[in-house]
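Colleague: Could you take a close look at one part of this model for me? I'd like the helix that packs on the sheet, and whatever ties into that region.

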Amino acid sequence: MALISLEDLDGLDDDQLDDDITDNPEPMDEEDRDRLLTHWQAVASTHHVSVPPDMTGPIQEMTHNNQQREPLPFTPITCHEKMEEVLYEERLYPAGNWACVTEAEGLYEQSVSLGFMKLMRFICKENSKGRYLGMTVPVVTNIHMMEDGNTLKKDVQTSYFLPAEFQTDPPRPSDSGITIVYREPIRIIARTFFGSTTEETLTRQIDLLWEILGVGDDFHRDGYMVAAYENPSIPRRRNEIWFIRRNL
């Protein structure tokens with residue numbers, strides 16, 4: 001689920017890898033574990049991120065539970081279409097507890113990837129419950145803009161919404177870099193796009209949605225949210241850019 005772009009990995013059959021491992025109910029042997037780690041390391045290398053060997057456990061855990069994902073709850077408000085194409089949707093997301101980590105690397109995708117690896121460890125037993133917590137989707141990142149309104153600031157917060165089971169009693173992270181944050185409800189405009197998420201693609205999607213919405217002061221311009229729904233091994237994975245309304 002980490003936001004690591006996969007443009008072209010020669011010699012790796014991603015679909016076969018996922019099917020071989022996720023569909024096998026038996027515990028992975030050493031060969032499967034090595035193959036899975038090598039796959040993730042290859043994906044990570046496309047954006048200059050390394051995956052350390054101690055990520056083998058979390059990667060294995062999340063791969064086996066790949067089909068068990070809890071969607072974030074929300075209330076749909078409106079859906080705007082043009083010529084049978086959905087331009088954007090408006091939704092209300094409830095208050096809730098999130099596990100959040102902030103990184104400030106040279107590239108947006110580096111910050112998100114490193115942040116999500118920390119969240120993976122938290123989800124996969126490095127927490128006060130000592131158990132696998134379960135995955136929710138989407139994973140959401142908060143981005144902030146420089147004063148020019150066109151350039152992303154380096155600090156990127158990657159966030160995981162805690163499953164319903166843990167909302168009233170959030171587990172404590174073992175990593176001091178992860179904080180549990182209670183967020184108030186937000187009302188957002190969401191527009192779907194597919195593919196990798198880089199500073200270039202995000203600024204393009206932000207500009208496009210502003211063109212659709214037109215000039216106005218109903219939304220924050222200094223920060224946006226990016227929602228990721230799918231595994232990084234999917235070249236045209238689903239993402240959304242979120243504009244945040246100033247008022248509910």
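Modeller: Here is a walk from the sheet to the helix on it, and then on to the charged pairs.

Bear in mind that this is a predicted model. The sheet comes first, since the helix needs a floor to sit on. It is an open sheet of nine strands, paired antiparallel, and the order across it reads S2-S3-S9-S11-S10-S6-S7-S4-S8. At the edges you find strand S2 (75-82) and strand S8 (179-183), each with pairing on one side only. From one strand to the next, the twist averages 30°.

Now the helix you asked for. Helix H4, residues 108-123, packs on that sheet and touches five named strands: S4 (96-103), S6 (139-144), S7 (156-161), S8 and S10 (223-228). The direction of H4 makes about 35° with that of S7. One of the edge strands, S8, is thus among the strands that H4 touches.

H4 also has a helical neighbour. The axes of H3 and H4 come within 9 Å and cross at roughly 75°. Angles of 65 to 115 degrees count as roughly perpendicular, so that is how H3 and H4 lie to each other. From H3 (residues 56-64), the residues involved are Pro58, Ile59 and Met62, and they meet Phe116, Met120, Arg121 and Ile123 of H4. By class, this contact has six nonpolar residues, one charged residue and no polar ones. The charged one is Arg121, because Arg is in the charged class.

On to the charges. The whole structure holds 12 salt bridges, and a couple of them involve this corner. Glu103 and Lys118 join their side chains in one, at 2.8 Å from N to O. Glu103 sits in strand S4 and Lys118 in helix H4, 15 residues apart, so this pair links distant parts of the chain. As for burial, Glu103 counts as buried at 12% relative accessibility, whereas Lys118 is partly exposed at 26%.

Another one is between Lys125 and Glu61, at 3.7 Å from N to O. Lys125 belongs to the loop between H4 and strand S5 (135-137), while Glu61 is in H3, and 64 residues separate the two. Both count as partly exposed: Lys125 has 46% relative accessibility, and Glu61 has 22%. With a cut-off of 4 Å from nitrogen to carboxyl oxygen, the 3.7 Å of Lys125 and Glu61 qualifies.

For context, look at the other side of the sheet order, where S2 and strand S3 (residues 85-93) pair in the antiparallel sense over seven bridges. There, Cys79 has Glu89 in S3 as its bridge partner. Glu89 also turns up in a network of salt bridges with Arg91, Arg238 and Glu240.

S3 carries one more charged residue to check. Glu90 forms a salt bridge with Arg245, at 2.4 Å from N to O. Arg245 lies in the segment after strand S11 (238-244) and Glu90 in S3, 155 residues apart. Glu90 is buried, with a relative accessible area of 5%, but Arg245 is partly exposed at 22%.

To put your helix back in the picture: H4 packs on the sheet, has H3 crossing it at roughly 75°, and holds Lys118, which pairs with Glu103 of S4.

Conventions. Residues are numbered from 1 along each chain as its sequence is written. This is a predicted model: local features need pLDDT of at least 70, side-chain atom pairs count only at pLDDT 80 or more; totals for chains, interfaces and linings use all residues. Side-chain values use heavy atoms; hydrogens and water are left out. Two strands pair if DSSP finds at least two bridges between them. Helices (H or I, at least four residues) and strands (E, at least two) are DSSP runs, numbered from the N terminus. Axes are lines fitted to C-alpha atoms, for helices over the stretch in contact, and angles run from 0 to 180 degrees between N-to-C directions. Contact means heavy atoms within 4.5 Å. Buried means under 20% relative accessible area, exposed over 50%, partly exposed in between (1.4 Å probe, protein chains only). Angles under 35 degrees count as roughly parallel, over 145 as roughly antiparallel, 65 to 115 as roughly perpendicular and the rest as oblique.
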